[in-house]
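This report describes one protein chain, starting with two of its residues and then turning to the chain as a whole. Please keep the sequence and the structure in view while reading.

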Amino acid sequence: MPAGLVRPPLAEAPPLDLPGLAAPGQAPPAPERTTVGLGLGDEVTPRTCGWIFAAWSVVLVFSYGAEAAARLASAAPPTDVGPEFLWAPFLDSALWTLVTLAILQLTRWFPLARGTVLRSGAALMLAGLTLIPVRTAAMALVAGALGGLRSDLDFTYLLITSINQELFVYWMTVLAIHVVRHSRAIREREVARARVETQLAEARLQALKVQIQPHFLFNTLNAVATLVREDPAAAERTVEHLSEMLRSTLAHHQAQEVALREELETLHSYLEIEKVRLGDRLAVEMEVDPAVRAAL
């Protein structure tokens with residue numbers, strides 16, 4: 001709103017990280033930290049200020065232009081269009097940029113979130129009733145110094161009018177910031193979720209590689225080839241244990257947790273295969289409380 005003009009123009013508001021399993025004897029890689037920021041307003045930079053000023057300049061140039069056109073087309077006073085219409089939009093944009101930066105900070109302190117709407121809304125309303133008069137007074141002071149303030153202007157009327165009109169703009173700015181932050185947070189969560197899903201798939205693949213070591217599989221197949229000639233029954237049992245172990249591993253490779261009972265069954269198949277290879281050199285005893293077999 002151009003302070004110094006009797007009719008103020010209206011303005012519109014502008015991880016989760018799953019590293020792959022390390023190979024035996026190697027330290028696991030350090031996890032990559034994933035953060036999800038709120039986007040707009042989390043870090044004010046000169047570039048951010050420039051974009052805010054540019055957005056307000058576009059809005060206010062059109063607003064002041066419409067006001068000038070209305071004055072020229074109106075038969076009722078005031079019909080004058082002075083030089084203040086050239087510099088006032090950019091001065092007003094600078095002041096609204098400062099107000100917007102204040103709103104960015106205020107909405108971080110008092111976000112309109114579930115459970116805090118009343119408290120935050122009251123705080124933001126109080127801030128708006130403070131920022132708008134301060135902005136209006138600054139506009140009137142600078143406009144008066146530059147010769148754009150009418151001598152017959154009632155400042156009290158100007159102040160009341162600005163509050164009535166610009167409080168709406170203030171709240172539109174508050175809501176716009178919340179909408180932008182919320183949409184950016186959603187997009188960043190989707191990106192983080194996609195990254196986690198990719199890392200989880202890689203971790204599952206790595207887990208399969210660790211669980212089914214190639215040398216173990218090759219040694220088992222070599223043992224079966226030998227047993228086929230020497231002890232066909234033992235070869236058949238070994239193939240059955242290998243099949244059961246592979247079936248159990250593939251059936252649960254997508255689960256992050258399995259029952260202890262199922263893990264023991266997989267371990268039993270593995271140990272039976274190792275007994276065939278190692279013979280009497282391997283002896284295993286298990287004592288597991290039945291009450292914990294269903295534990296994950």
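## Tyr-270 and a nonpolar surface patch

In this predicted model, Tyr-270 lies in helix 7, which spans residues 260–278. Its relative accessible area is 31%, and because buried means under 20% and exposed over 50%, Tyr-270 is classed as partly exposed.

Tyr-270 also takes part in a nonpolar patch on the surface, to which Leu-267, Val-284 and Met-286 contribute as well, and the patch covers about 310 Å².

## Thr-107 and its surroundings

Thr-107 is placed in helix 2, the element that runs over residues 84–109. With a relative accessibility of 2%, Thr-107 counts as buried, since the cut-off for that class is under 20% relative accessible area.

When residues up to four places away in sequence are left aside, Thr-107 touches Leu-124, Val-174, Ile-177, His-178 and Arg-181. With Arg-181 there is also a polar contact, in which the side chains of Thr-107 and Arg-181 are joined at 3.0 Å.

## The chain as a whole

The secondary structure consists of seven helices and zero strands, so that the pattern read along the sequence is α-α-α-α-α-α-α.

The chain has 296 residues, of which 32% count as buried. Its exposed area amounts to about 18000 Å², and 63% of this area is supplied by carbon and sulfur atoms.

Methods:
Residues are numbered from 1 along each chain as its sequence is written. This is a predicted model: local features need pLDDT of at least 70, side-chain atom pairs count only at pLDDT 80 or more; totals for chains, interfaces and linings use all residues. Side-chain values use heavy atoms; hydrogens and water are left out. Helices (H or I, at least four residues) and strands (E, at least two) are DSSP runs, numbered from the N terminus. Buried means under 20% relative accessible area, exposed over 50%, partly exposed in between (1.4 Å probe, protein chains only). Accessible areas come from the Shrake-Rupley method with a 1.4 Å probe; for residues, only the protein chains shown count as cover. Patches are made of residues with over 30% relative accessible area and no salt bridge: like charges are joined within 9 Å, nonpolar side chains (Val, Leu, Ile, Met, Phe, Trp, Tyr) within 5 Å. A salt bridge is a side-chain nitrogen of Lys or Arg within 4 Å of a carboxyl oxygen of Asp or Glu. A polar contact is a pair of N or O atoms within 3.5 Å; within protein, one must be able to donate a hydrogen and the other to accept it, and residues adjacent in sequence count only if both atoms are side-chain atoms. Contact means heavy atoms within 4.5 Å.
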